[in-house]
Structure formats: structure tokens, C-alpha cells
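Thank you all for coming. I would like to walk you through one model this morning, so please have the sequence and the structure open while I talk.

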Amino acid sequence: MSNTGQSSLLAEQIARLDGGLSPAERALYATLEANLENLAFETGASLAEKSGVSPNTVSRFLRRLGYKGVDGLKKALRDEVRSHSLLNATLIERVENQPADLMGHLNAEINALKAFAEQLSGAHWQAVVARVAEAERVFVCGFQTVRGLAEDFANRLALVRPGVEFIDLYSGVLGQWIDSRNERCCVVLIDITPYAEAGITFANDCLANETDLVVFSDEYGIARYIDTPYIVSMQTQTGLILESTGGLTSALNVLLHCVASAHQTGLRERMEAYRARVQNLRLYTK
């Protein structure tokens with residue numbers, strides 16, 4: 001989506017329609033554009049009610065645009081979001097038009113971290129920390145290129161509190177996930193646009209099973225498809241050839257520190273046990 005909240009995809013399709021829009025269709029189109037942020041939670045009936053048109057008008061209008069109902073439109077808009085990231089045809093241009101001075105990119109990273117820092121004293125961040133700190137079990141999940149980031153965070157988090165595991169949806173039988181069904185669980189989902197389809201499906205399954213869900217994501221708007229208040233969005237577009245995960249890494253490191261602070265009563269004992277185990281196993285040599 002563009003930063004204005006409008007969909008270039010919809011605008012282009014409307015422009016190509018023969019005969020233009022009827023008054024009812026114009027009302028419906030205006031409603032769609034005004035509700036893109038919450039479209040994931042809309043139905044044909046709700047759009048009809050908000051637009052003051054009939055459900056049949058919604059169905060006919062979407063068919064004119066080439067969609068099989070509201071679900072077809074939602075999928076197309078998610079694909080549009082993906083086109084702004086790794087599928088973007090302008091990636092090479094970012095290198096070809098690269099100025100000699102890289103400070104602009106670094107300043108974008110710094111500004112993203114400053115924006116994140118402003119959240120740390122607020123109730124929203126404290127609620128995110130509480131979900132991760134107070135859960136009986138914490139599962140961390142990430143896909144493809146952010147899988148490594150998610151797995152590293154899970155390993156670090158397991159050092160400062162018990163009951164933490166990285167969960168891989170594509171291998172094994174998810175035994176640890178099954179065993180946790182009677183415990184208070186929290187899932188930390190690290191998700192960026194290109195892999196959003198899997199993330200959205202997994203996230204909504206977690207919510208359907210009343211699992212606390214914390215999402216760390218990029219600025220492209222995937223979070224609008226996930227109905228959880230515990231979302232942290234970081235700027236990843238800094239002008240480099242690929243979106244930067246630096247802000248996400250820093251935010252997760254801050255979360256780790258905050259969770260460690262919440263568990264500080266047993267932290268010293270836990271760290272001493274870790275040190276003793278490492279020494280006994282001689283994992284590290286001088």
C-alpha cells in the first residue's frame with residue numbers, strides 16, 4: 001500500500017472499467033479506500049452496510065474487478081503489499097542510483113530506532129513485555145530469511161527465562177506445541193512482508209486458540225490482517241537494496257532485556273547454572 005492509505009491496485013482497476021462507476025459503486029469504492037487498514041475484518045455484508053448499498057451490489061462490483069468475493073480482494077491487496085518489498089522491480093535501481101554518501105541510509109536506521117525508543121515508556125510496550133515475561137511457555141516463530149533472526153532470539157530468550165522454544169512449522173510434528181495446549185502460552189511472531197501469507201495464517205490460528213500473540217513486523221501493513229494489540233512495527237525501508245532487519249533485531253534485543261529484568265529474581269541462579277554447564281561440557285576453549 002502507499003503511505004497515503006490508498007491502493008494503487010484498486011485505482012488502476014477502477015480506471016480500466018468500461019462505463020465508469022454507478023453512484024452505488026462509487027459509494028462502495030469510497031468505503032473500500034477509507035477502510036483499507038481494517039479490510040481484513042470486513043465482510044461483504046459489513047461493506048454493504050457501511051456503503052449504504054446492497055450485498056448484491058458488493059458482489060457484482062467485486063466481480064467487475066475480477067475478484068471472487070471479498071476474500072479474493074483481500075488476497076490481491078496482500079499481494080500488492082508484497083510487491084513493495086522483495087518482489088519490487090526497482091531493487092536494482094537502488095544500487096544504480098546509490099549516492100556516494102551512505103549516511104542517508106544510516107540516518108534512516110537511526111530515526112527508526114528513535115521512533116521505537118519513544119514507545120518504551122508507554123503502556124503498549126509494557127503490555128508486550130508482560131505477555132512474553134508472564135507466559136508459562138513462549139514459542140518464537142519466523143519464516144525464510146527471518147527464520148535465523150527468530151531462532152537466534154529464541155535461543156537468547158531461553159537464557160533469561162524458562163519455557164522458551166523456537167517453533168518450526170515445516171518440520172517435525174510440533175510435539176511441543178501440542179504439549180502446551182493446557183498452559184498459558186505466548187507466541188512471538190517475527191514476520192516481514194514476503195512471507196506474510198504463512199504468518200497471517202499461523203497468527204490467526206493462535207488467536208483462535210486464545211494464545212497471546214506478539215508480532216514484530218515491518219511497516220508494510222501486514223499487521224492489519226492480524227487482530228492482536230501486541231504489535232511492534234519497525235521501519236525496514238532505508239534505501240538499501242533490501243529492506244533492513246536492523247531495527248527488528250534491536251527491538252528484539254530490547255525485549256530480551258526487559259524480560260530478563262522481569263525475571264531478575266531467578267536470573268542469577270539461571271546464569272550460574274548455564275556457566276557451570278558450559279564449563280563442564282568444555283564448549284568454549286581459551
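**Salt bridges, strands and cores**

Let me begin with Glu183, which is partly exposed at a relative accessible area of 31%, where buried means under 20%, exposed over 50% and partly exposed in between, with a 1.4 Å probe and protein chains only. Before going further, I should say that this is a predicted model, in which local features need pLDDT of at least 70 and side-chain atom pairs count only at pLDDT 80 or more, while totals for chains, interfaces and linings use all residues. Residues are numbered from 1 along each chain as its sequence is written, and side-chain values use heavy atoms, with hydrogens and water left out.

Glu183 forms a salt bridge with the side chain of Arg137, at 2.9 Å from N to O, a salt bridge being a side-chain nitrogen of Lys or Arg within 4 Å of a carboxyl oxygen of Asp or Glu. This pair links distant parts of the chain, with Arg137 in strand E1 and Glu183 in the loop between helix H10 (175-179) and strand E3, 46 residues apart; helices (H or I, at least four residues) and strands (E, at least two) are DSSP runs numbered from the N terminus.

Which other side chain meets Arg137 in a salt bridge? That is Glu165, at 2.8 Å from N to O, and here too the pair links distant parts of the chain, with Glu165 in strand E2, Arg137 in strand E1, and their positions 28 residues apart. Arg137 counts as buried at 14% relative accessibility, whereas Glu165 is partly exposed at 27%.

Moving to the neighbouring entry in the sequence, Arg184 is partly exposed, with a relative accessible area of 34%, and its side chain meets that of Asp212 in a salt bridge of 3.7 Å, N to O. Arg184 lies in the loop between H10 and E3 and Asp212 in strand E4, so the pair ties together parts that are 28 residues apart in sequence. Salt bridges that share partners join Arg131, Glu134, Arg184 and Asp212 into one network, and the count of salt bridges by this rule comes to nine.

Now to the strand that carries Arg137. Is E1 enclosed or open? Six of its six residues are buried, so E1 is largely enclosed by the rest of the structure. Arg137, Phe139 and Cys141 point one way from the strand, and Val138, Val140 and Gly142 point the other way. E1 runs parallel to E3, to which six bridges join it, and parallel to E2, to which three bridges join it; two strands pair if DSSP finds at least two bridges between them. Within these pairings, Val188 in E3 is the bridge partner of Val140, and Val164 in E2 stands opposite Val138.

That brings us to the nonpolar cores, each a set of buried Ala, Val, Leu, Ile, Met, Phe, Trp, Tyr and Cys residues joined through side-chain atoms within 4.5 Å. The largest has 35 residues, of which Val132, Val138, Val140, Leu157, Val188, Phe216 and Leu255 touch the most other members. Among the elements that each supply at least two residues of this core are helix H8 (123-134), helix H9 (147-160) and strand E4 (212-217), and helix H12 gives the most, with seven residues. A second, separate core of 23 residues includes Leu32, Ala48, Leu65 and Tyr67. Ala48 also appears among the buried residues of helix H3 (residues 44-51), together with Ser46, Leu47 and Ser51, and H3 is followed by Gly52, whose phi is positive, near 75°.

Let me finish with two loops. Glu210, in the loop between helix H11 (196-208) and E4, has a positive phi of about 60° although it is not a glycine, and Glu210 is exposed, with a relative accessible area of 75%. Ile241, in the loop between strand E5 (231-233) and H12, is partly exposed at 39%.
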